[in-house]
Amino acid sequence: MYFHRQELQHKATPDKPDAVYARKLQEVLGGQYGEITVALQYQFQAWNMHIPGKYRDLVFGIGAEEMGHVEMLAVMIAQLLEKSPLGITEEAVQDDPTVAAVIGGADIQHGIVAGAGARAVDSMGNPWQGSYITASGNLLADFQANANAEMQGRVQVARLYHMTDDHGVRDLLAFLLARDTMHQNQWLAASAELMEEGVEALPVPSNFALDKEDRDVSYQYINFSNGPKAADGRWASGPTPDGKGEFSYVPEPPAGVPVPPPTHPDSRFYGTTELPNVVEKAAGKIQDAMNKE
């Protein structure tokens, strides 16, 4: 059950309107690594989790907080749009508000579609997509994906911090940056605890039998570039993080194997092949007559 309390976790009030910055802020609301993504990603991970206890409670709790972050950003965007001109002020352009909005960098649909409100889109107006969500059911894989999402999101918020001098906006961003710091550390700590407790381990999935993979190449760094410095990295020699092997460095890929000959799909796909058209047509008719699927 969800219950909404009409309070914000942190103040979200700008000093002045700014339609152009409102559009920029849409990225961390409805972009791939925005608050909508992490809020729903954590919720789906919790809904799909197979074990009760602290990990499920952790994910439910952070998912609920992130929904509050969605709300704070939506409220901030709406206020940035309130009383904000749609474009720039030169009369030659301002005579046409649509042209002014495009040149000024504002999102026209903020006004036309949302009535001076936030939208579930990124900064380019691309709709938020459910495909952004990672919820595999494997906790170590998901927690690592969550850490990445928080890292990418914090990078974007940090960039946005320097794109405005509005103290009210910066105050909210400073709070979100701090929470992203916590969340990055939280997911890394949760990943470490999963492994310390033996719930999961590397490589993911840890319960897939290693003898079913080609172990000869499990820990080889194969250099597919002409840059030789990769040999100097931690990934090219020494013990592997999973504790199950030793890295090795292969300076260039071994000889490959021949590419299979071109495929020949059903003639009714109407692909171009080396067969004459009349033969392809006849084959299609025969397959239809035989009710061949």
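**Exercise 1. The largest cavity**

Find which helix gives the most residues to the lining of the largest cavity in this predicted model.

*Solution.*
Step 1. Start with the search of the whole structure, which finds 2 cavities of 30 Å³ or more. The largest cavity holds about 80 Å³ of space.
Step 2. List the lining: Val28, Tyr33, Gly34, Glu35, Val38, Glu66, Ala149, Glu150, Gly153, Val157 and Asp180.
Step 3. Look for elements that give two or more residues to this lining. They are helix 3 (35–47) and helix 8.
Step 4. Pick the top contributor. Helix 8 gives the most, with 4 residues.

**Exercise 2. A residue of helix 8**

Decide whether Gln156 is buried or exposed, and state which residues it touches.

*Solution.*
Step 1. Place the residue: Gln156 lies in helix 8.
Step 2. Take its relative accessible area, which is 18%. The cut-off for buried is under 20%. Gln156 is therefore buried.
Step 3. Leave out residues up to four places away in sequence. Gln156 then touches Glu27, Val28 and Tyr33.
Step 4. Compare with the cavity. Val28 and Tyr33 are also among the residues that line the largest cavity.

**Exercise 3. Aromatic pairs**

Classify the pair Tyr55 and Phe143, then the pair Trp128 and Tyr132.

*Solution.*
Step 1. Recall what is needed. A pair of aromatic rings is described by the distance of the centres and the angle of the planes.
Step 2. Count the pairs: the structure holds 6.
Step 3. Take Tyr55 and Phe143. Their ring centres are 6.1 Å apart, and the planes meet at 45 degrees, so this pair is tilted.
Step 4. Place both partners. Tyr55 sits in helix 4 (residues 54–81) and Phe143 in helix 8 (residues 139–161), so the pair ties together parts that are 88 residues apart in sequence. Both Tyr55 and Phe143 are buried.
Step 5. Take Trp128 and Tyr132. Here the centres lie 6.2 Å apart and the planes stand at 85 degrees, so the pair is edge-to-face. Tyr132 has 19% relative accessibility, so it counts as buried.
Step 6. Widen the view. Tyr55 and Phe143 join Tyr42 and Trp187 in one aromatic cluster.

**Exercise 4. Helix 4 and the largest pocket**

Check the span of helix 4 against the expected value, then find its part in the largest pocket.

*Solution.*
Step 1. Count residues: helix 4 has 28.
Step 2. Compare the spans. From first C-alpha to last, helix 4 reaches 41 Å, close to the 40 Å expected at 1.5 Å a residue.
Step 3. Look past the end. Just after helix 4, Lys83 takes a positive phi of about 60 degrees.
Step 4. Turn to the largest pocket, with about 340 Å³ of space. It is lined by 13 residues, and the closest to its centre are His4, Ala64, Met67, Gly68 and Glu71.
Step 5. Find the main contributor. Helix 4 gives the most to this lining, with 5 residues.

**Exercise 5. The sheet**

Work out which strands stand at the edges of the sheet, and how strand 2 pairs with strand 3.

*Solution.*
Step 1. Read the order. The 3 strands form an open sheet, ordered 1-3-2, with mixed pairing.
Step 2. Find the edges. Strand 1 (220–222) and strand 2 (238–239) each have a single partner strand, so one side of each is left without a neighbour in the sheet.
Step 3. Inspect one pairing. Strand 2 and strand 3 (residues 246–250) run in the antiparallel sense over 2 bridges.
Step 4. Name a bridge: Pro239 has Glu246, in strand 3, as its partner.

Key
Residues are numbered from 1 along each chain as its sequence is written. This is a predicted model: local features need pLDDT of at least 70, side-chain atom pairs count only at pLDDT 80 or more; totals for chains, interfaces and linings use all residues. Side-chain values use heavy atoms; hydrogens and water are left out. Rings of Phe, Tyr and Trp (its six-membered ring) pair if their centres lie within 6.5 Å; planes under 30 degrees apart count as stacked, over 60 as edge-to-face and the rest as tilted. Buried means under 20% relative accessible area, exposed over 50%, partly exposed in between (1.4 Å probe, protein chains only). Two strands pair if DSSP finds at least two bridges between them. The expected span of a helix is 1.5 Å times one less than its number of residues. Contact means heavy atoms within 4.5 Å. On a 1 Å grid over the protein atoms alone, a cavity is a set of points where a 1.4 Å probe fits but cannot get out, and a pocket is an open set with protein on both sides within 12 Å along at least five of seven lines; lining residues have an atom within 4 Å of a point. Grid points are joined across faces, edges and corners, and a volume is the space filled by probe spheres set on the points.
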